[in-house]
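Thanks for coming. I will go through two sheets, then one serine, then two loop residues.

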Amino acid sequence: ATFTAPPVCFNNPTIFTDQTTGTPVQWDWDFGDGTDTILLNPSHTYNIAGTFTVTLIVTNSFGCMDTIQQTVSVNPLPATNFSSTTVCIGNPTCFTDLTTISSGTLTTWSWNFADPGSGPNNISNSQNSCHTYTASATYMVILTVTSNNNCQTATILPVTVLPNPVAGFTS
């Protein structure tokens with residue numbers, strides 16, 4: 001008995017591929033989280049990230065059995081979050097990455113400031129960034145973060161840029 005199962009990111013199915021030799025006719029998979037199946041090449045989505053010991057028992061047409069246990073990894077997703085300053089138009093809005101991950105490291109950041117009028121300045125790949133908006137409004141900013149295991153999440157939060165006051169008086 002033997003099988004493969006590549007590491008995956010949380011919320012993605014783990015694809016198990018049986019590579020047993022000797023023409024088995026029955027498969028009994030135990031995914032290590034209290035669930036099992038008898039499918040040949042099953043997929044399984046774990047409800048938490050972690051390392052799981054998977055057991056495969058194969059049986060041939062003569063009733064002979066073999067068992068293998070291997071560990072599979074389900075990598076956590078980044079918990080993407082950020083904060084920003086509220087400013088008046090013409091001043092830079094600064095963004096602070098607040099993303100965390102339970103294991104692994106954060107490797108890339110991608111900001112979309114929702115300000116297409118700013119051209120190539122509408123995006124940034126810095127962990128923390130500042131952007132000067134072209135108009136006062138509420139913008140839906142997107143931060144996408146990727147881990148060293150290529151697990152990626154994004155969050156969208158509103159950012160408000162206030163109009164400048166208009167001075168005036170009468171005499």
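Two strands are said to pair here if DSSP finds at least two bridges between them. With that in mind, take N112, which stands opposite I123 in β14. The model, I should say now, is a predicted one.

N112 brings us to the sheet it belongs with. Strand β13, residues 106-112, pairs with β14 in the antiparallel sense, over 2 bridges. Both are part of an open sheet of 5 strands, in the order β11-β17-β16-β13-β14, and the pairing in that sheet is mixed. Which strands are at its edges? They are β11, residues 87-88, and β14, residues 123-124, and each of them pairs on one side only.

Now the other sheet. Here 3 strands form an open sheet in the order β10-β12-β15, with antiparallel pairing. The edges are taken by β10, residues 82-84, and β15; each has a single partner strand, so one side of each is left without a neighbour in the sheet. From one strand to the next, the twist averages 25°. Between β10 and β12, which covers residues 92-97, there are 3 bridges, and the two run antiparallel. One position to look at is S83, which stands opposite T96 in β12.

Next, the serine. S129 is in strand β15, residues 129-132, and that is one of the edge strands I just mentioned. Is S129 buried or exposed? Its relative accessible area is 11%, and the cut-off for buried is under 20%, so S129 counts as buried. What does its side chain contact? There is a polar contact with the side chain of S124, at 3.1 Å. Leaving aside residues up to four places away in sequence, S129 touches T93, C94, F95, W111, F113 and S124. S124 itself falls in β14, residues 123-124, an edge strand of the 5-strand sheet.

Last, two residues with backbone angles to check. T23 is not a glycine, yet has a positive phi of about 50°. Where is T23? It is in the loop between β4, residues 17-18, and β5, residues 24-30. With a relative accessible area of 66%, T23 is exposed.

The second one is N150, again not a glycine, with a positive phi of about 65°. N150 lies in the loop between β16, residues 137-147, and β17, residues 152-162. Its relative accessibility is 62%, so N150 counts as exposed. Those two flanking strands, β16 and β17, are next to each other in the order of the 5-strand sheet.

That is what I had.

How values were computed:
Residues numbered from 1 in each chain as written. Predicted model: local features only at pLDDT ≥ 70, side-chain atom pairs only at ≥ 80, totals over all residues. Heavy atoms only, no water. Helix = DSSP H or I, 4+ residues; strand = E, 2+ residues; numbered from the N terminus. Buried < 20%, exposed > 50% of the residue type's maximum accessible area, 1.4 Å probe, protein only. Polar contact = N/O pair within 3.5 Å; in protein donor to acceptor, adjacent residues only side chain to side chain. Contact = heavy atoms within 4.5 Å. Axes fitted to C-alpha atoms, helices over the stretch in contact; angles between N-to-C directions.
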